[in-house]
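Okay, thanks for squeezing me in. Let me put the thing up on the screen, and then I'll walk you through what I pulled out of it.

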Amino acid sequence: MSTVAGTPAIALRRGWWSRARFLALLWLMMLPTLAGLAVFTYYPNLEAVKYALFKWDGGAVEEYRGLHNFAQIFGGGDPRFWAAFSLIGVLLAANVLKMWPSIFVAIVLHRLKSERWQFFYRVMFVIPMVIPGLVALLLWKGFYDPNVGLFNKLLNWTGLMSVLDAFDRGMPQVAAFIATNLLHWNGDSPLWSLLLLPTQLITPLFGGAWGLAACAVVLLLLRDGLASVPQRWMLWILVLGLAAFAWGPEPLVLTIRATVLLGASAALVEWSHRRDPLEARDRLARLALWALGIGLTLVLLTKTWPVATGAFANGSPSWLGHSKLVVPAVILWGFPWIGTVGVLIYLAGLSNISKEVYEAAELDGIGFWGKIFRIEIPLILTQVRINLIFLTISTLSEYGFFLILLGPDGGPDNAGLTPGLFMYQKAFIENEMGYACALGMVMFVLLLFLTLIYQKHLKVEK
Amino acid sequence: MPPQAPTLPRQTQGLISAAVTASSPRCSLAPIRGLGLVVILLVGCGDGSPSTDQRQLMTQGQEELARYEFTRAHACFSQVRAIAPAHDVMRREASLALAVACHHWQPASAERIAEAEALYRELSDAGVGDEAVQAQLQLGRLAELRDYFGDREDLPAARARYMQVMERWPQRPEAGEACLRLAAAWAQSLQREDVLRGVAVLEGWLDTHPDEAKASIMLQYLSELHWAFLGDARQAVDALRKADARGFDGENREWMFCWRLARLSEEELHDRDLAVRYYRRIVTDYPKCGAAWEAQQEMKRLGAEPPPIRLFDPASAVKAGGKPGRETKP
Amino acid sequence: MSGDYHPPAGWRWLLTWNGIGAVVVTVAVTISLWQVTKVRRSDYSDQRVVVRMLHWQLEAGYREALQLVIDDYNRMMAERHRRGEIPKPVVVMQVAVSEKIYGQVVNTNLLAREAPDLISMGDFALKSCGAQKAQHFLCLDELVRQPNPYNAPNHLAGADIDPAIAAALPTLAWRDTFIDGMRGAFDDDLQGFYAIPTNFFIPGRLSYNKDLLKAATGSEEPPRTFGQLLDICTKVKAYGERQGRRIVPIAGTRANLVYVEYYLLPFLASYRRSMDLNRDGMVSPMEGWAALGSGAFNFHDKPFRELAEASQALAEQFPPGFLALERDTGIYLYTQGEAAFHLSGSWDAGTLYHLTEGKFRMGIVPFPLPGPGERWGDPPKIAASEAGWVGGNLFGVYKYGHTAEAVDFLRFLTSWVQNQRCNRACDWGPNVIGTSLEERMQAFAPRLDGLQQLSFWAPIGPIAQQVGSIYRGQMQALLSGEASIDQVIEKVMDAYNDDAIGEPRIWAKAYDDQKTYLRTIERTLSVQALVARLSGADRQEADRRYRTLLSNQVMTTNAENLRLTWNQTIGATTGRSFPEAAR
């Protein structure tokens, strides 16, 4: 037998001295790389951990402070740092959506029958990789130039600029309407009372769209039924927590609402399971997702475009020079969002799906879209997870991009201030390098936490 | 079809096979042994052991100290202390240097500060040589300053130490510094009585030590205490004028003292002539300070004709015999 | 399925992919090693002394200009070696690296103790603090007090120099031969000179397109006042519309925001006396914060509102969306004749002249301020004096290299003849007394008239922290037309009044920083004094430095001067107690 094809088995069957020599040789060969990694990657990071406990200005001032820096971060000393995560949340959500074009392209490539054409397209996707990131950055900066940039010219030529202008005038009104009439109790509009009846249920019962979203989360968690008493208690505590977040500190109202919510959810779950146990799970999940979707959509509509920018009226909006347009510009960056590395990774994952699975699916009558959502995407979740981890890391730690585009303060009204840029400010403008290291540690732990969640919940169900 | 066992690419198989072949007894391991030997030598190699010669150690320690390499300096001076006889000058020097290395070790810690304090006490209690004075002064500094995060300042202890330096070694240059430090240690409380004590300390010292080398600094600080702390412009102006007579002490800051003199003279003492005089000094003696033009405007406002600003006056350089670094004073 | 793999034996193995790869790697490594040893043999040869000069000035002109001086020096040294005056020839070579990696290159070399002999004092952390600067760089105190031998009469022969200056130069201290007396090279922390300036930079000039001005306004006279500038801009815009061309009055970009701050001092000058609490002629950042906290300064008052209005008026002349534009875009717009004005400093002048040659005639004037009778002209606005501008492009001497040769070259570079020659060749400002700029660069001669440059408005500096960041963000919103002055003031004051990031944090941090800074000074004092004592170095010099450091330290009263300032200003008017830093 041999564990590795082609390896002389005789070497591995000898005693420990031969094995030790064999392994020592391999270690020696890896030594330069390991040494380089240790010196140039791990050592600086360990130094960062060390200096997170110091007041350090990068020079002569080096004072051990223990956990003081962390106490300041978590003790409300830097609210702007935490506020910057809202931008990260938006970018992360956008980046998750921006993953899908690569997935679809990979699926299309995978489905190509001709290997020659597959190879051709793969090469076509790889070629843009030779363009350095900075060049791509500068190209896109050129696209976004308000006066001569390609982007504004395209929008004007296609007439989309006037559409955007119409949105700019209309969306704030929609947002105001939703905020006033749908998300808050408005007893002064009897004419709308009938129409608003369903929505008037949202606020008193759920405290707003966030409450509706919280309810949806509870339903998702309950979809497998209430199994045991400890689980019920855990859910009760969870609901109270969500309710506190959604409704604010009103203990009595909170308790009543939480009781109603839990009771209603429990009743709904029990009834659903008794009616049709087999379908209950999917039904509850669909219901929860609908509730979540409605709640989040309502909130997004009020928060995304609450104020008219007036930037589109003259046909040359400054995408990187206007505080309200910076974030959309960053989200739009890289359109059509088909990354070479992503496509190749997904393609590698798709190539592992055997043909028999497809044949079985066709026998079951699963169509084009069914194959995508029931076979291909579930089976490449490992690759999706890997990409999501890289995406989260780069989104959370990114600051160079914003520094080059917007400057160290994040541009007008500090619209582009990310946690990474905040860390940069602390380090290089305020000369608080030790504190910046502590911020970096916090972001590292956050990333680790997110990575663990992905590892746990994003996996292929074999 | 059963799942296939994973196979390595052919290239990797070849590499492993080559590695295994190389590790077999038939293949000479000499090159690899050599590599390992090199690695061991590199890893095991370190600095050569320090010399046992005291003077060499002191020199080495002093060089390390000049580079702010406190760890190495500590090692050198510790060795000297271990070798040198008990009452030797070199041992005292090494003790002081070791104390300084501990005192300013980075990052500072309570342990290192305690070690420094013990060494300073040892020298101070012995009371012999320059080192004793320095040690006593440094004990005061240890008490007065915040040396590490969480350290508490002990102003009464600091003041006591400075007093001891002034009383035990009144003729030493360190005594003047101790007097200055004492005054600052009093003023730190910001209480009027304490500031007055600080003023009294400085004035008393200057009266009894007319040749004090640090007199200009003392007078400049007296001016600061009188004006900023006590609001007494007249005393502040008097002190600064005395400092001016001796020559201000502070590179690139002389014009600031002149500016203060001018403004206080004009605004608080209503002495126009004195104000004009000091504004003129700024224009003529410190034309590159950036405030010369403003000084000219102030002079005009006070009804005086200002001199022109000359960034370089060849006549004054030739008159001074081309001696470097001298600025003419009125 | 493949069977066992047996690599070919002997030389045939080289023909396999592994073999080819191994050959390529071996050849590449060999070539690299050879290159490295070749450079090291050249740089560290026993046959000659190689002085390496590291800097990051990659822009066109400077390297060539510096090379002119280097070539002269190398020739001179070769001749001296030939005559037997020096044992080995000295060769200077410049090494230019990109600014982006300059810090890393210097830090790495300093830590490895293999740094170049001359290092431009740029943005690298190791040099930024006193103690570490003393660790790696030579103290030049003694040297700068001696005359520069390259200002001797034989070196000045044939130069077009004022006779009085020519007579004085040979005996003047090296330090006194500089326009600023080497003020900019003086290290306050170490109380000594650790670098030599080789030129000066003057910011704050307005380049203008004479031909475009003539076409748009009928006159090529540049604006002398702010009102005239705005008037010309209006005419330029109208001209562009008539011509159907895109013409912007001022080619402003995000990089020009700093020039808007140029107007801070003229507009806020009325506060300078009242803010100068200790009457030392300077308004420190904490004095500025004290004024804001006690109400002595108020954003809503006329001076700041006028500043904001004038800044807005200026920004309106910039291209739409200018915040998204980079410096290069501004240069492009101007040099292509699509803008009438360009804001910049002396470092860009050479480039602008070069790029506009043959296209249009260019002139340079100082930034105009509101004149009498104009809007914002009362009270009269006075610009900052440039007499205090200090020399730039400083070079430090690495302590453990060829120090004597490096110092000698620095003397050569900063001699009257070479200083003027080098800087004129690249359109930079020479900084030795009596030197002059090229005719077309005369506008960059330092202007003596003006107010003292104060470290004035706190929201700009690092002490401002998050309030400063918000201020800068809001000013950008104001200048881009997104925010009104009231909105800006409201947001800045909200930040200032926030307990977490505002006034308490600023003062607590300043107090804490001052304490740590004093501790650093203490370290420098102790170590330098002890080393001087042990080594028997020049006591007079050591004592002088010690006294000055001592004076600087004592005057702060162990950082309690901050508490005193608070008590006398904010504490007195509001009753708030001094925010204690973390202990």
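So, starting with chain A: out of its 462 residues, 42% are buried. Keep in mind throughout that what you're looking at is a predicted model. In terms of secondary structure, chain A has 22 helices and 2 strands. If you take its contacts between residues at least 6 apart in sequence, 64% of them join residues at least 24 apart. And for the surface people, the accessible surface of chain A comes to about 25,700 Å², with 72% of that belonging to carbon and sulfur atoms.

Next up, the packing. Which residues touch the most other members of the largest nonpolar core? That core has 112 residues, and the ones to click on are Leu65(B), Tyr120(B), Leu118(C) and Phe409(C). The biggest contributor is helix α5 of chain B, residues 89–103, which puts in 9 residues. There's also a second, separate core of 83 residues, and its members include Ala183(B), Leu190(B), Phe248(B) and Leu302(B).

Let me zoom in on Phe409(C). Leaving out anything up to four places away in sequence, Phe409(C) touches Met53(C), Val69(C), Ile70(C), Tyr73(C), Val92(C) and Leu118(C). Leu118(C), you'll remember, was on that list of best-connected core residues too.

Now, cysteines. How many disulfides does the structure hold over all chains? The count is 0. Just to be clear on the term, a disulfide is a covalent bond between the sulfur atoms of two cysteines. Here the cut-off for calling one is sulfur atoms within 2.5 Å. Take Cys102(B): the closest cysteine sulfur is in Cys76(B), 13 Å away, so that's too far for a bond. Cys102(B) itself is buried, at 1% relative accessibility. Over in chain C, the sulfur of Cys422(C) has its closest cysteine sulfur in Cys426(C), at 5.1 Å, and that's also too far for a bond. Cys422(C) counts as buried as well, with a relative accessible area of 4%.

Last stop, Arg272(B). You'll find Arg272(B) in helix α14 of chain B, which covers residues 272–285. Buried or partly exposed? With a relative accessible area of 36%, Arg272(B) comes out partly exposed. Again not counting residues up to four places away in sequence, Arg272(B) touches Leu302(B), Gly303(B) and Ala304(B). Leu302(B) is the one we just met in the second core. And C-alpha to C-alpha, Arg272(B) sits 11 Å from Arg301(B), with their positions 29 residues apart in sequence numbering.

That's my tour; over to you.

Terms used
Residues are numbered from 1 along each chain as its sequence is written. Chains are lettered from A and ligands numbered from 1 in the order in which they are written. This is a predicted model: local features need pLDDT of at least 70, side-chain atom pairs count only at pLDDT 80 or more; totals for chains, interfaces and linings use all residues. Side-chain values use heavy atoms; hydrogens and water are left out. A nonpolar core is a set of buried Ala, Val, Leu, Ile, Met, Phe, Trp, Tyr and Cys residues joined through side-chain atoms within 4.5 Å. Buried means under 20% relative accessible area, exposed over 50%, partly exposed in between (1.4 Å probe, protein chains only). Helices (H or I, at least four residues) and strands (E, at least two) are DSSP runs, numbered from the N terminus. Contact means heavy atoms within 4.5 Å. Accessible areas come from the Shrake-Rupley method with a 1.4 Å probe; for residues, only the protein chains shown count as cover.
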